[in-house]
Amino acid sequence: MTKHDLVVRNGTLVIPGIGSVAADVAMADGKIVALGKNLVGDEVYDASGKIVLPGIFDPHVHIGNEMSFEEEAESETRAAVLGGVTTIGIFIRSLEDSYFKHLPSFRAAMDQRAYVDSIFHPQLFTDQQIDEIPGYTREYGIRSYKFYMSGMPGIVKSVSDDVLLRGFQNVASIGADAVACVHCETGYLVARARAELTVNKPQGTLADWESAHPADAEALAIRTAAYLAKVAGVHLYVVHVSSQQGIAAVKLARADGTWLTAETITPFLGISSDDVNGFLAKMVPPVRSPEHRAALWQAVRDGTLDTVGTDNTSRRRASKNPQGGLHGARPGHPSLGTHLPVLLHHGRLQGIPLERLVDMATRKPAQTYGLYPHKGTIAPGSDADLVVVDHDLERVVRPAELRGMSDFSPFEGKTLRGWPVATIKGGRIVARDGEIIAPPSGRYLPRTAP
Ligand SMILES: [Zn+2]
């Protein structure tokens with residue numbers, strides 16, 4: 001009988017596309033090598049009564065917004081891996097410079113300090129950056145890029161439709177697998193809405209923030225992006241769909257023949273704008289009313305939404321400044337550590353099959369970004385990244401226990417049911433019972449043409 005490095009015994013595997021299977025998983029040299037019964041290993045983890053999922057792949061993460069990229073590469077991926085996330089897609093940012101100037105240090109940080117594997121989606125703002133797409137692809141294996149149709153005042157600029165089209169064409173030129181990610185909001189509608197809100201509501205609640213970013217601005221931008229993506233022949237990935245109108249626009253674009261993948265995020269699935277945590281949940285796009293949240297869950301249920309991420313943008317409470325109110329609190333919050341528990345807790349309340357939730361959080365992003373079946377499944381030959389979950393464990397969200405750099409969470413004080421109890425990355429147990437037990441072992445993953 002072959003002896004393996006690590007065996008996870010007696011769990012119920014949830015394998016996207018296959019279903020729930022009672023089986024042991026054996027791992028060696030960082031890969032899954034066998035599924036079966038009574039497998040033996042040097043180290044055995046008893047997962048009796050637990051479910052075992054592929055490591056979670058969060059395709060939508062921001063790193064280095066508050067501390068340095070290097071510091072957050074460590075602190076935020078520590079929170080991620082503790083929460084069952086083993087791969088992340090990072091929207092790296094350089095507002096002016098060529099990415100050739102920054103990619104070496106971004107990559108080194110993820111190779112040396114991160115607890116999770118990573119891919120990069122550079123955010124493109126300048127003509128030079130757009131011209132250099134084939135070079136980034138050739139030298140760094142980057143096959144996904146992001147565009148902001150509506151920027152954020154003081155944070156990122158918007159790109160106009162002509163720049164968007166040229167960007168799409170250059171992304172399409174690198175191969176059929178390439179992905180153009182777009183923050184879809186129509187800038188003029190947002191700018192007017194924000195200006196009106198400043199005048200009409202100098203003070204307000206989180207619910208008022210929704211009107212600063214109208215759902216119609218999202219829907220119109222999705223339709224524009226879809227039109228241009230079809231012209232360019234590029235695979236369009238709509239990040240953080242937030243509204244009923246946005247969902248409708250996704251359906252229309254698909255009916256029109258656009259190749260479109262739609263993402264939502266766990267803050268939108270777990271929080272609505274009447275939330276007791278108020279401005280701790282302020283972000284762009286905004287968390288919306290319970291009606292929009294219900295529409296997102298319906299789109300999870302019927303398959304309109306494909307993937308789920310976080311839009312993690314970690315901050316400290318002091319710089320988040322929730323007491324600054326409607327206009328003074330800063331957008332962005334940490335959500336890597338709560339990603340999986342929020343999905344499991346609210347998914348169960350909504351009656352969504354577990355396999356559907358797991359598919360959106362693992363296989364679908366891995367397929368979209370060219371990492372499947374290394375990531376996103378449990379099968380011989382795949383990377384040995386797993387998360388063992390106690391589906392009935394209830395815990396109150398306490399920011400300090402999430403182990404990121406943030407001293408708050410938009411979910412703080414809430415009881416969630418369904419938490420990871422162990423995370424296995426590269427065939428080693430790296431987190432167990434809420435503690436990190438191994439040093440960082442994440443790698444940046446260059447992608448090759450299929
Ligand atoms: Zn984002």
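When you look for who gives the most to the lining of the second largest cavity, the answer is β18, with five residues. Keep in mind that this is a predicted model. Searching the whole structure turns up four cavities of 30 Å³ or more, and here's a quick tour of two of them, the largest and the second largest.

**The second largest cavity**

- This cavity has a volume of about 120 Å³.
- Its lining takes in 16 residues, and L82, G83, R395, P420 and G434 sit closest to the centre.
- Besides β18 (415-425), the elements that each chip in at least two lining residues include α1 (69-82), α17 (399-402) and β19 (428-432).
- Sorted by class, you get eight nonpolar, four polar and four charged residues in this lining.
- Why does the second largest cavity lie between domain 1 and domain 2? It does so because both domain 1 (3-51 + 382-436) and domain 2 (63-368) give residues to its lining.

**The largest cavity**

- Here the volume comes to about 150 Å³.
- There are 16 residues around the largest cavity, with M152, V284, D311, T313 and G332 lying nearest its centre.
- The class split for the largest cavity is six nonpolar, six polar and four charged residues.

**How the empty space shows up**

- If you're wondering how such spots are found, rolling a probe the size of a water molecule over the atoms shows where empty space is left.

Definitions and conventions. Residues numbered from 1 in each chain as written. Predicted model: local features only at pLDDT ≥ 70, side-chain atom pairs only at ≥ 80, totals over all residues. Heavy atoms only, no water. 1 Å grid on protein atoms, 1.4 Å probe; cavity = no way out; pocket = protein on both sides within 12 Å on 5 of 7 lines; lining within 4 Å. Points joined across faces, edges and corners; volume = space filled by probe spheres on them. Nonpolar A, V, L, I, M, F, W, Y, C, P; charged D, E, K, R; others polar. Helix = DSSP H or I, 4+ residues; strand = E, 2+ residues; numbered from the N terminus. Domains from an automatic or database assignment.
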